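Work through the exercises below with the model open in your viewer. Try each task before reading its solution.

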Amino acid sequence: MSILIYAESAEGKFKKVAFELASYAKKVAADLGTTVTAVTVNAGDVSELSKYGVDKVLKVSSDKLAGFTAKAYADVIKQAAQKESVKLVLLSSTTDSLYLAPLVAVALEAGFASNVVGLPVSTSPFQVKRTAFSNKAFNITEISTEVKVLSLAKNSYGIFENASSAATEDFNPTIGDADFGVKVQAVEKASGKVTIADADIVVSAGRGLKGPENWGMIEELASVLGAATACSKPVSDLGWRPHSEHVGQTGKPVATNLYIAVGISGAIQHIAGINSSKVKVVINTDAEAPFFKVADYGVVGDAFEIVPKLIEKFKAFKAQNS
Amino acid sequence: MKILVCISHVPDTTSKINFTNGDSEFDTNGVQFVINPNDEFGLTRAIWFQEQQGATVTVVNVGGPDTEPTLRKALAIGANEAIRVNASPTDGFFVAKQLAEVIKTGGYDLVIAGKESLDYNGGMVPGMIAGLLGYNFVNSCIEVTVDGTSAKASREIDGGKEIVATSLPLIIGGQKGLVEEKDLRIPNMRGIMTARTKVLTVLEPVAANSETKAVKFEKPAPKSAVKLFSADDLDGLINALHNEAKVI
């Protein structure tokens, strides 16, 4: 009757979202009077999970699962859920987990709600709050099936320590050839760069920068802050920056702690993609730019003057506060 | 090759989002509906297969008669025929059940649906179809090519892309990248005229449960006004980010 979470890892190390999911699960479990079980796939040291309240770990180690295969991973989660007779399965909102979630839901005949923000509004009937209409509204969704699957929106709950002693059990689910109809051939990934998905801070720039040759200061600002770089749609359409940096409605979604927009006017499609970021800062010459209506902090002025100054000030700040 | 493109009929991005009936329903008053952008990238890629590899392209929507203009637009863009499953799309699972039935009966080789719709952002329909039918499935797909019964695809992953080999029948959760924005087509007069005479079949739904229900909607609390700092007071900004917002 425990709650099952899929604690996602990459190269053996847990992703931060795994700890947020564990923190969230612990609170839901406490409210329901139950415990948290985590299933892991090829994670190294699983003891870290107990810091965030996980009571039991089902540890799956398999060479077959070395690369991510949605169907096989979904099969693992389904079998873990059945083994523990869980009624609630929680996943995070990474690209991989969002790929898995509907497969897990169908396999368990479970109702599924994505983009969940906050604790269940009610546990009987079971209702959760989720974002909809590209962050322009919330929707309270009721799930009526016995087993339920939720995916928690990134950065919507936070990470809370809650020490427990987790019992670890090796788990060997049956994985058949039918799970491998989609085979990974190659992965192309920029190494050593903070990705938009993992970043706590994102520095993003738009057409206001006038040309690709001016991105040096954006990269420097990002590097000082340990941030990922991103760009607006026109910038990626013009080929100034790679498509993988395009954030907005048709690009990557951003749900970060701090989003700094430089020379981006704030078209509605851009805002839709970044609006679930907690704090938004805008730097723009045009005080009438729509971005100022959704930002928390703003500076009206020339990016070419302000960004270099900001770099120096952040450097000094970091030197003092580290 | 028979391709099915699943079309969601969604409010245009610039629409005002309001709710009615005690905040339990989306207010469609004055709202312009369009083909869901993620579906439109898939549709355009399907038309490419039609022109380059002789595929036939069927578009499908689960919805009432009011969604037919959206299907006609897809026909005007170039789809060969359309199907409307005559039912209110109550939740993602219900829609997936209807689509799975259409796919099974029609014997489609490649099914392209947007990875998520702009209205409910559920992101579950393509995966649920794949789960129900046991077909191969690639989500967040940004490239797909087909050679006989083999397919190659890439999907967007955090920080890059992953290239996969798979086979038909295949379900794609599509997005920008399948084609670029500049490749999207605006229907021309000839397309609009021929779309009027193309076949649009209305099917009655199969029995299926809804597993979830949107019981209520809320709008985010109004935002407080932006705090402005002058270009000479960047220390003020840093101070606010550190002490007030606590994000650095």
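Four exercises follow, and the model they use is predicted.

**Exercise 1. Describe chain B as a whole.**

Step 1. Start with secondary structure. Chain B has six helices and 15 strands.

Step 2. Take the overall dimensions. The C-alpha trace of chain B spans about 65 × 45 × 40 Å along its principal axes.

Step 3. Check burial. Chain B has 248 residues, and 47% of them count as buried.

Step 4. Look at the contacts in chain B with a separation of 6 or more. Residues 24 or more positions apart account for 70% of them.

**Exercise 2. Work out how many residues each chain gives to the contact between chain A and chain B, and which helix of chain A gives the most.**

Step 1. Count both sides. Chain A supplies 73 residues and chain B supplies 62 residues.

Step 2. Find the main contributor on the chain A side. Helix 3 (residues 95-107) of chain A gives the most, with eight residues.

Step 3. Sort the chain A side by class. There are 36 nonpolar, 24 polar and 13 charged residues.

Step 4. Add the strand pairing across the chains. Strand 18 (residues 297-300) of chain A and strand 15 (residues 227-229) of chain B run parallel, joined by three bridges. One bridge pair is A:Tyr297 with B:Lys227.

**Exercise 3. Trace the open sheet of 10 strands and place the helix that packs on it.**

Step 1. Write the order: 13(A)-11(B)-10(B)-9(B)-12(B)-8(B)-1(B)-6(B)-7(B)-13(B). The pairing is mixed.

Step 2. Mark the edges. They are strand 13 (183-189) of chain A and strand 13 (200-203) of chain B, each paired on one side only.

Step 3. Add the twist. Neighbouring strands are turned by 25° against each other on average, direction ignored.

Step 4. Zoom in on one pair. Strand 9 (residues 136-147) and strand 12 (residues 170-174) of chain B run parallel, with four bridges between them. B:Phe137 has B:Ile171 as its bridge partner.

Step 5. Place the helix. Helix 1 (residues 37-53) of chain B packs on the sheet and touches strands 1, 6, 8, 9 and 12 of chain B. The direction of helix 1 makes about 150° with that of strand 8.

**Exercise 4. Decide whether B:Pro126 is buried or exposed.**

Step 1. Locate the residue. B:Pro126 sits in helix 4 (residues 125-133) of chain B.

Step 2. Apply the cut-off. Buried requires 20 or more other C-beta atoms within 10 Å. B:Pro126 has 31, so B:Pro126 is buried.

Step 3. List what it touches beyond four places in sequence. B:Pro126 contacts B:Ala113, B:Lys115, B:Phe137, B:Asn139, B:Ile171, B:Ile172 and B:Gly173.

Methods. Residues numbered from 1 in each chain as written. Chains lettered and ligands numbered in written order. Predicted model: local features only at pLDDT ≥ 70, side-chain atom pairs only at ≥ 80, totals over all residues. Contact = placed C-beta atoms within 7 Å. Helix = DSSP H or I, 4+ residues; strand = E, 2+ residues; numbered from the N terminus. Nonpolar A, V, L, I, M, F, W, Y, C, P; charged D, E, K, R; others polar. Pairing = 2+ DSSP bridges. Axes fitted to C-alpha atoms, helices over the stretch in contact; angles between N-to-C directions. Buried ≥ 20, exposed ≤ 12 C-beta atoms within 10 Å, placed from the backbone.
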